[in-house]
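Welcome! Work through the exercises below at your own pace, with the structure open beside you. Try each task before you read its solution.

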Amino acid sequence: MGHPVIHATSARAHEERRHFWIGGAWHVPAAGLDGPCVLVRDPAGRDSVGCVPDGTAEDVDAAVAAARQAFPAWSASGTGTRQRLLTAVAEGIRKDEDQFAALISAEMGAPVDSARLVQTRLAADVFASYAELLDGLAWEERIGSSQIVREPVGVVAAITPWNYPLYLIAAKAAAALAAGCTLVLKPSSDAPLNAYRLAEVFEAACAEAGVPGGVFNVVTGSGAVVGKALTTHPDVDAVSFTGSTEAGRTVAADAAATVKRVGLELGGKSARVILADDPDGPTVADLPAAVRTALADAFANAGQTCTACTRVLVPERLYAETVSLAAQEAARLTLGDPALPGDHLGPVATSRQYADVLAYIDTGIAEGARLVAGGKASADRVPEGLEAGHWVLPTVFADVTPDMTVAREEIFGPVVCLLPYRDEAEAVRIANDSVYGLAGAVWCADARRAEDFARRMRTGLVTVNDGQFSVLAPTGGYKQSGVGRELGVHGLHEYTELKTIQW
Ligand code: NDP
């Protein structure tokens with residue numbers, strides 16, 4: 001009964017979801033099966049790709065009650081049961097990876113290959129990683145005459161965005177469930193369909209693992225209504241939110257009335273620092289590779305990655321050469337239909353995002369930055385075979401100064417700023433001169449100097465050269481980039497309370 005009604009359109013399937021996933025069943029919304037819906041639009045400008053119910057506070061009450069009811073048994077479950085569920089979910093996602101990838105691509109515009117490789121497989125890897133790390137996890141310790149016991153925090157509300165929709169759901173759901181919490185998910189209204197597919201994976205996985213379905217619940221609708229009902233709900237113990245810093249502030253303020261645990265993964269304006277081989281020297285090891293790496297990072301997912309390093313800091317002596325390499329590299333990158341395989345860039349996800357990114361490009365020009373690639377120019381942004389969509393050319397600004405708006409605010413589109421620096425002290429100052437502190441990167445042939453620089457950056461993550469991401473290592477922000485950490489054992493601890501039993 002929860003299965004979607006699929007209508008073929010000229011371009012692709014249209015998924016109509018009419019229910020919520022609550023208490024292990026497909027639940028009719030309080031407004032009924034014909035109640036208001038949220039339309040999911042195709043960023044590549046074709047017909048809409050689906051719709052989901054626009055939930056209410058009453059629907060949130062039902063979901064929270066189901067999660068609360070499931071909590072005693074789940075929090076008392078053993079490691080083996082939790083591992084069986086998490087493994088079955090990981091396998092369910094892997095088995096359906098083509099469908100997940102097509103859906104995510106249609107909802108938010110990531111080209112289908114990266115929707116499979118990054119968005120979908122990473123989500124499966126996160127569920128699998130929590131099944132693995134439960135082996136040998138220490139839940140208790142002795143301090144003096146006290147026994148310290150780690151216990152699940154309770155019912156968790158997860159509020160997620162559209163940029164890596166399934167992976168960001170996984171980062172919250174897998175950690176919370178591994179900790180013994182039950183969960184109500186409110187996915188982004190811009191990319192909610194993958195959450196329904198995930199609920200179907202949970203339906204099968206719960207049956208396979210012998211777990212009641214109420215451990216994982218999904219309610220869709222706006223942040224203003226469904227999100228707020230969750231953050232203010234007296235029976236929700238913790239809120240984990242990923243999205244804009246602005247909405248994060250509201251979530252934290254709303255959750256304060258009931259003194260909930262709040263985890264926030266917010267925005268960033270991260271810096272990548274290219275260091276000369278020798279502090280006073282005229283060369284950088286493989287500058288073309290440094291520039292390629294910088295642009296690949298900044299333009300991944302059409303620039304809609306919270307950890308993207310969109311400020312690239314370059315030694316003054318090598319600035320002109322770097323600008324020219326970056327302009328050539330950006331011009332080589334192509335925009336293309338997200339439904340097609342390949343390593344092209346897709347559109348930005350929403351019309352709101354599109355308008356914001358183009359406005360930032362105008363602001364950059366108005367404030368004196370020099371456009372050396374991309375920009376707003378011309379209708380040739382729309383790839384062949386398509387007629388509309390939110391297309392932004394990979395854009396590079398040179399002559400950017402640290403006080404410019406484009407160097408200070410998160411743009412969340414394919415726009416990168418190149419800033420010169422005189423010496424390493426100035427590079428550290430510019431890199432840390434931000435209200436954000438999510439990520440950073442250092443490029444340097446000398447590993448010791450790179451590490452030394454990384455330690456001076458006030459951010460939660462620093463990538464050295466082509467350093468690799470690990471699903472077991474914590475991610476999260478300093479300063480206004482957030483509160484708390486996700487992934488691995490540190491992510492699991494966010495969903496626990498510590499109890500001291502003293503003798
Ligand atoms: P938002 O922060 O508005 O949305 C993220 C999630 O929070 C969505 O599910 C949204 O619901 C929900 N939400 C919004 N307001 C509230 C609220 N008051 N209470 C509870 N939940 C709420 O992100 P946007 O989609 O509007 O993107 C805007 C900007 O945010 C981007 O330009 C980018 O700069 C940044 N961003 C950062 C991300 C990150 O990974 N750090 C991810 C996405 C965006 P709904 O949208 O369904 O109404």
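**Exercise 1.** Find how far apart the centres of domain 1 and domain 2 are in this predicted model.

*Solution.* Start with the bounds: domain 1 is made up of 15–266 + 481–502, while domain 2 covers 271–470. Next, take the centres over C-alpha atoms; they are separated by 31 Å. Finally, look at where the domains touch: domain 1 gives 23 residues to the contact and domain 2 gives 31 residues.

**Exercise 2.** Work out which residues surround the ligand most closely, and how much of the ligand the protein buries.

*Solution.* Begin with the surroundings: there are 29 residues around the ligand, and the closest are Trp162, Ser189, Ser244, Leu266 and Glu410. Then turn to polar atoms. A side-chain N or O atom of Trp162 is 2.5 Å from an oxygen atom of the ligand. For Gln353, the corresponding distance to a ligand oxygen atom is 3.0 Å, and for a polar side-chain atom of Asn163 it is 3.4 Å. Last comes the area: the ligand alone exposes 870 Å², and the protein buries 86% of that.

**Exercise 3.** Locate the largest nonpolar core and identify the residues with the most contacts inside it.

*Solution.* This core has 100 residues, and Leu85, Phe127, Leu198 and Phe216 have the most contacts inside it. Now ask which element supplies its largest share: helix 5 (residues 165–179) does, with 13 residues. Then zoom in on Leu85, whose contacts farther than four places away in sequence include Trp74, Phe202 and Val215. To finish, find the second, separate core: it has 33 residues, among them Leu275, Phe397, Val406 and Val428.

How values were computed. Residues numbered from 1 in each chain as written. Predicted model: local features only at pLDDT ≥ 70, side-chain atom pairs only at ≥ 80, totals over all residues. Heavy atoms only, no water. Core = buried A, V, L, I, M, F, W, Y, C linked by side-chain atoms within 4.5 Å. Buried < 20%, exposed > 50% of the residue type's maximum accessible area, 1.4 Å probe, protein only. Helix = DSSP H or I, 4+ residues; strand = E, 2+ residues; numbered from the N terminus. Contact = heavy atoms within 4.5 Å. Near = heavy atom within 4 Å. Polar contact = N/O pair within 3.5 Å; in protein donor to acceptor, adjacent residues only side chain to side chain. Areas by Shrake-Rupley, 256 points an atom, 1.4 Å probe, with all protein chains shown as cover. Domains from an automatic or database assignment.
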